[in-house]
Amino acid sequence: MAKIESLVPVDGVGFRTNNRTDNSHFATQVVHDLLIKIAGLWHDLHPDHPISIGQVSHKGGGVFPPHKQHKLGVEADMRPLSKDGQDLHLTFNSAEYSRDLTREFVKFLRSNARMHRVFFNDPKLIAESLTSHAGGHDNHLHLWFEDEQASNPRVLRNFTKGDDVKRFQEKLIAAGFPIEGGADGKFGKHSEDAVRAFQTAHPPLTANGIADEATQSALGL
(Lines give C-alpha, C1' and ligand atoms only; values in the text may rest on other atoms or scores of the structure.)
Protein backbone atom coordinates (compact mmCIF):
# COMPACT_ATOMS: atom_id res chain seq x y z
CA MET A 1 0.00 0.00 0.00
CA ALA A 2 1.23 3.48 -0.85
CA LYS A 3 2.50 5.54 2.08
CA ILE A 4 0.14 8.24 3.36
CA GLU A 5 2.68 10.83 4.40
CA SER A 6 2.33 13.73 1.92
CA LEU A 7 0.82 16.77 3.63
CA VAL A 8 -1.38 18.98 1.46
CA PRO A 9 -0.28 22.61 2.07
CA VAL A 10 -2.57 25.09 3.80
CA ASP A 11 -3.00 26.88 0.49
CA GLY A 12 -1.42 27.29 -2.92
CA VAL A 13 -2.15 28.23 -6.51
CA GLY A 14 -5.85 27.65 -7.10
CA PHE A 15 -6.66 26.15 -3.70
CA ARG A 16 -7.04 26.64 0.03
CA THR A 17 -7.96 24.15 2.74
CA ASN A 18 -10.72 23.93 5.31
CA ASN A 19 -11.70 21.90 8.40
CA ARG A 20 -8.00 21.43 9.03
CA THR A 21 -6.28 19.91 12.05
CA ASP A 22 -2.67 18.86 12.52
CA ASN A 23 -3.58 15.38 11.25
CA SER A 24 -6.29 15.78 8.62
CA HIS A 25 -4.73 16.54 5.23
CA PHE A 26 -2.33 13.69 4.53
CA ALA A 27 -2.50 11.90 1.16
CA THR A 28 -0.52 9.46 -0.91
CA GLN A 29 2.15 11.18 -2.97
CA VAL A 30 0.16 10.52 -6.14
CA VAL A 31 -3.04 12.13 -4.81
CA HIS A 32 -1.14 14.98 -3.12
CA ASP A 33 0.53 15.88 -6.43
CA LEU A 34 -2.71 15.43 -8.36
CA LEU A 35 -4.70 17.76 -6.09
CA ILE A 36 -2.09 20.48 -6.51
CA LYS A 37 -1.96 19.93 -10.27
CA ILE A 38 -5.77 20.04 -10.64
CA ALA A 39 -5.97 23.21 -8.54
CA GLY A 40 -3.30 24.89 -10.67
CA LEU A 41 -5.04 23.99 -13.92
CA TRP A 42 -8.36 25.18 -12.50
CA HIS A 43 -6.67 28.46 -11.53
CA ASP A 44 -5.79 29.00 -15.19
CA LEU A 45 -9.50 28.90 -15.99
CA HIS A 46 -10.96 30.61 -12.92
CA PRO A 47 -8.29 32.52 -10.97
CA ASP A 48 -10.93 34.14 -8.76
CA HIS A 49 -12.59 30.87 -7.76
CA PRO A 50 -10.06 28.65 -5.93
CA ILE A 51 -11.21 25.27 -4.70
CA SER A 52 -11.41 24.60 -0.97
CA ILE A 53 -10.01 21.18 -0.03
CA GLY A 54 -11.38 19.57 3.12
CA GLN A 55 -10.11 16.61 5.07
CA VAL A 56 -8.15 13.85 3.32
CA SER A 57 -6.65 11.22 5.69
CA HIS A 58 -4.67 10.83 8.89
CA LYS A 59 -0.92 10.42 8.49
CA GLY A 60 -0.41 6.72 7.87
CA GLY A 61 -4.10 6.23 7.12
CA GLY A 62 -6.62 4.25 9.10
CA VAL A 63 -9.97 5.03 10.67
CA PHE A 64 -10.82 8.74 10.59
CA PRO A 65 -14.06 9.48 12.51
CA PRO A 66 -16.63 10.72 11.67
CA HIS A 67 -15.73 9.78 8.09
CA LYS A 68 -16.76 6.33 6.89
CA GLN A 69 -13.91 6.28 4.36
CA HIS A 70 -10.80 8.53 4.13
CA LYS A 71 -8.62 5.62 5.26
CA LEU A 72 -6.20 5.25 2.35
CA GLY A 73 -5.08 8.77 1.42
CA VAL A 74 -6.96 8.77 -1.89
CA GLU A 75 -10.15 10.62 -0.88
CA ALA A 76 -10.56 14.33 -0.30
CA ASP A 77 -13.53 16.46 0.66
CA MET A 78 -14.15 19.73 -1.12
CA ARG A 79 -16.61 22.56 -0.62
CA PRO A 80 -19.05 23.39 -3.43
CA LEU A 81 -17.97 26.43 -5.41
CA SER A 82 -19.60 29.75 -4.59
CA LYS A 83 -20.76 32.38 -7.04
CA ASP A 84 -18.32 35.06 -5.88
CA GLY A 85 -15.29 32.88 -5.11
CA GLN A 86 -15.56 33.07 -1.32
CA ASP A 87 -14.76 30.01 0.78
CA LEU A 88 -18.22 29.42 2.24
CA HIS A 89 -19.94 26.58 4.07
CA LEU A 90 -22.66 25.84 1.49
CA THR A 91 -25.21 23.25 0.53
CA PHE A 92 -26.63 22.77 -2.95
CA ASN A 93 -29.67 24.76 -1.79
CA SER A 94 -27.67 27.80 -0.63
CA ALA A 95 -28.25 31.07 -2.46
CA GLU A 96 -24.49 31.56 -2.92
CA TYR A 97 -23.92 28.09 -4.36
CA SER A 98 -22.82 28.07 -7.99
CA ARG A 99 -24.13 24.96 -9.68
CA ASP A 100 -22.58 26.05 -12.99
CA LEU A 101 -19.06 26.34 -11.57
CA THR A 102 -19.38 23.16 -9.52
CA ARG A 103 -20.66 21.28 -12.58
CA GLU A 104 -17.77 22.64 -14.65
CA PHE A 105 -15.25 21.64 -11.98
CA VAL A 106 -16.52 18.06 -11.75
CA LYS A 107 -16.33 17.69 -15.54
CA PHE A 108 -12.86 19.23 -15.47
CA LEU A 109 -11.78 16.92 -12.66
CA ARG A 110 -12.99 13.83 -14.50
CA SER A 111 -11.09 14.95 -17.61
CA ASN A 112 -7.83 15.28 -15.71
CA ALA A 113 -7.90 12.48 -13.15
CA ARG A 114 -8.99 8.90 -12.77
CA MET A 115 -11.90 8.80 -10.35
CA HIS A 116 -13.83 6.03 -8.64
CA ARG A 117 -16.71 8.32 -7.72
CA VAL A 118 -17.59 11.89 -6.83
CA PHE A 119 -20.22 12.00 -4.08
CA PHE A 120 -22.38 15.13 -3.80
CA ASN A 121 -26.13 15.32 -3.33
CA ASP A 122 -27.07 18.03 -5.80
CA PRO A 123 -29.96 16.23 -7.57
CA LYS A 124 -29.29 17.97 -10.87
CA LEU A 125 -25.65 16.88 -10.97
CA ILE A 126 -26.74 13.37 -9.99
CA ALA A 127 -29.26 13.39 -12.85
CA GLU A 128 -26.42 14.32 -15.20
CA SER A 129 -24.38 11.35 -13.92
CA LEU A 130 -21.65 13.67 -12.65
CA THR A 131 -21.99 12.89 -8.94
CA SER A 132 -23.51 10.17 -6.78
CA HIS A 133 -25.71 10.36 -3.68
CA ALA A 134 -24.28 9.63 -0.24
CA GLY A 135 -25.60 10.38 3.22
CA GLY A 136 -24.26 13.59 4.73
CA HIS A 137 -22.98 15.01 1.44
CA ASP A 138 -25.33 17.95 0.92
CA ASN A 139 -22.59 20.42 1.90
CA HIS A 140 -19.44 18.96 0.36
CA LEU A 141 -18.08 16.91 -2.50
CA HIS A 142 -16.22 13.70 -1.75
CA LEU A 143 -13.52 13.15 -4.37
CA TRP A 144 -12.50 9.50 -4.52
CA PHE A 145 -9.42 9.07 -6.71
CA GLU A 146 -8.17 5.81 -8.13
CA ASP A 147 -4.98 4.54 -6.52
CA GLU A 148 -3.11 4.60 -9.81
CA GLN A 149 -3.01 7.75 -11.89
CA ALA A 150 -1.14 6.38 -14.90
CA SER A 151 0.93 8.49 -17.20
CA ASN A 152 -1.58 8.10 -20.02
CA PRO A 153 -2.32 11.41 -21.75
CA ARG A 154 -5.17 13.31 -20.16
CA VAL A 155 -8.39 13.65 -22.13
CA LEU A 156 -8.53 17.03 -23.87
CA ARG A 157 -11.88 18.73 -24.26
CA ASN A 158 -13.57 22.08 -23.82
CA PHE A 159 -12.10 24.13 -20.95
CA THR A 160 -8.75 22.29 -20.85
CA LYS A 161 -5.58 24.22 -21.51
CA GLY A 162 -1.83 23.78 -21.22
CA ASP A 163 1.31 22.76 -23.05
CA ASP A 164 -0.15 19.37 -23.92
CA VAL A 165 -3.13 21.10 -25.55
CA LYS A 166 -0.76 23.23 -27.61
CA ARG A 167 1.26 20.20 -28.74
CA PHE A 168 -1.93 18.42 -29.69
CA GLN A 169 -3.16 21.46 -31.65
CA GLU A 170 0.14 21.70 -33.50
CA LYS A 171 -0.08 18.03 -34.51
CA LEU A 172 -3.69 18.48 -35.59
CA ILE A 173 -2.85 21.51 -37.75
CA ALA A 174 0.15 19.70 -39.26
CA ALA A 175 -2.16 16.80 -40.16
CA GLY A 176 -4.27 19.16 -42.26
CA PHE A 177 -6.98 20.12 -39.80
CA PRO A 178 -6.65 23.88 -39.20
CA ILE A 179 -7.83 25.55 -36.00
CA GLU A 180 -9.07 29.11 -36.14
CA GLY A 181 -6.72 31.12 -33.92
CA GLY A 182 -3.93 28.57 -34.25
CA ALA A 183 -2.22 26.52 -31.55
CA ASP A 184 -2.82 28.69 -28.49
CA GLY A 185 -2.90 25.98 -25.82
CA LYS A 186 -6.61 26.53 -25.13
CA PHE A 187 -9.11 23.86 -26.10
CA GLY A 188 -12.27 25.63 -27.20
CA LYS A 189 -14.95 25.34 -29.86
CA HIS A 190 -12.54 25.72 -32.80
CA SER A 191 -10.31 22.95 -31.45
CA GLU A 192 -13.36 20.79 -30.85
CA ASP A 193 -14.53 21.29 -34.45
CA ALA A 194 -11.08 20.39 -35.80
CA VAL A 195 -10.92 17.28 -33.61
CA ARG A 196 -14.35 16.18 -34.80
CA ALA A 197 -13.27 16.62 -38.41
CA PHE A 198 -10.12 14.56 -37.78
CA GLN A 199 -12.12 11.82 -36.07
CA THR A 200 -14.64 11.71 -38.91
CA ALA A 201 -11.76 11.27 -41.37
CA HIS A 202 -10.21 8.48 -39.30
CA PRO A 203 -12.74 5.79 -38.44
CA PRO A 204 -13.32 3.96 -36.18
CA LEU A 205 -12.62 7.00 -33.96
CA THR A 206 -15.78 8.38 -32.40
CA ALA A 207 -16.52 11.82 -33.88
CA ASN A 208 -17.34 13.58 -30.60
CA GLY A 209 -14.78 16.41 -30.60
CA ILE A 210 -13.06 15.01 -27.49
CA ALA A 211 -9.36 14.19 -27.79
CA ASP A 212 -9.21 10.93 -25.88
CA GLU A 213 -6.23 8.58 -25.79
CA ALA A 214 -7.23 6.85 -29.07
CA THR A 215 -7.50 10.17 -30.91
CA GLN A 216 -4.17 11.40 -29.58
CA SER A 217 -2.56 8.10 -30.52
CA ALA A 218 -3.92 8.39 -34.05
CA LEU A 219 -2.11 11.74 -34.29
CA GLY A 220 1.15 10.15 -33.18
CA LEU A 221 1.13 11.44 -29.60
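The paragraphs below walk through a predicted model, going from its strands to the loops beside them and then to two pairs of helices.

A good place to begin is strand E8, which covers residues 141-145. Of its 5 residues, 4 are buried, so this strand is largely enclosed by the rest of the structure. E8 has strand E6, residues 75-78, as a partner, and the two pair in the antiparallel sense over 4 bridges. If you wish to trace this pairing residue by residue, you can start at methionine 78, whose bridge partner in E8 is leucine 141, and then turn to aspartate 77, which stands opposite histidine 142 of E8. Strand E7, residues 115-119, also pairs with E8 in the antiparallel sense, again over 4 bridges, and here methionine 115 has phenylalanine 145 of E8 as its bridge partner.

Strand E6 deserves a second look, this time for what lies on its two faces. Glu75 and Asp77 are on one side, while Ala76 and Met78 are on the other, and all of these residues are buried, which leaves both faces of E6 covered.

The loop between strand E5 (51-53) and E6 holds lysine 71, and several other features of the backbone can be found in this loop as well. One of them concerns proline 66, which lies in the loop between E5 and E6 and is joined to proline 65 by a cis peptide bond, with omega near 5°. Another is histidine 70, also placed in the loop between E5 and E6, where phi is near 60°, a positive value in a residue other than glycine. To see why such values are worth pointing out, it helps to know that most residues other than glycine have a negative phi, and that most peptide bonds are trans.

Are histidine 70 and lysine 71 buried or exposed? Histidine 70 has a relative accessible area of 2%, and because a value under 20% counts as buried, histidine 70 is buried. Lysine 71 has a relative accessible area of 37% and is therefore partly exposed. Leaving aside the neighbours within four places in sequence, lysine 71 is in contact with Ile4, Ser57, Gly61, Gly62 and Val63.

Distance along the chain and distance in space are separate matters, and serine 111 offers a useful reference point for comparing them. Lysine 71 and serine 111 are 40 residues apart along the chain, and their C-alpha atoms are separated by 25 Å. Aspartate 212, on the other hand, is 101 residues from serine 111 in sequence, yet the two are 9.4 Å apart in space, C-alpha to C-alpha. Aspartate 212 is found in the loop between helix H5 (189-201) and helix H6 (213-218), and with a relative accessible area of 28% this residue is partly exposed. The loop between H5 and H6 is also the place of proline 204, and the peptide bond leading from proline 203 to proline 204 is cis, with omega near 15°.

A positive phi also occurs at serine 129, where the angle is about 60° although the residue is not a glycine. Serine 129 sits in the loop between helix H3 (123-127) and E8, and, with a relative accessible area of 63%, it is exposed.

The helices can now be taken in pairs. Helix H1 (residues 29-45) and helix H2 (residues 99-112) have axes that come within 11 Å and cross at roughly 130°, and H1 and H2 are therefore oblique to each other. The crossing of H1 past H2 is right-handed. On the H1 side, the contact is made by Leu34, Ile38, Leu41, Trp42 and Leu45, and on the H2 side by Leu101, Glu104, Phe105, Phe108, Leu109 and Asn112. Sorted by class, the residues in this contact of H1 with H2 are 9 nonpolar, 1 polar and 1 charged.

The other pair consists of helix H4 (residues 163-174) and H5, whose axes come within 11 Å and cross at roughly 50°, an angle that makes H4 oblique to H5. H4 passes H5 in a left-handed crossing. Phe168, Gln169 and Leu172 of H4 make the contact with Ser191, Ala194, Val195 and Phe198 of H5, and by class this contact has 5 nonpolar and 2 polar residues, with no charged residues.

Notes:
Residues numbered from 1 in each chain as written. Predicted model: local features only at pLDDT ≥ 70, side-chain atom pairs only at ≥ 80, totals over all residues. Heavy atoms only, no water. Axes fitted to C-alpha atoms, helices over the stretch in contact; angles between N-to-C directions. Parallel < 35°, antiparallel > 145°, perpendicular 65-115°, else oblique. Left-handed = near helix turned anticlockwise from the far one by under 90°. Contact = heavy atoms within 4.5 Å. Nonpolar A, V, L, I, M, F, W, Y, C, P; charged D, E, K, R; others polar. Buried < 20%, exposed > 50% of the residue type's maximum accessible area, 1.4 Å probe, protein only. Pairing = 2+ DSSP bridges.
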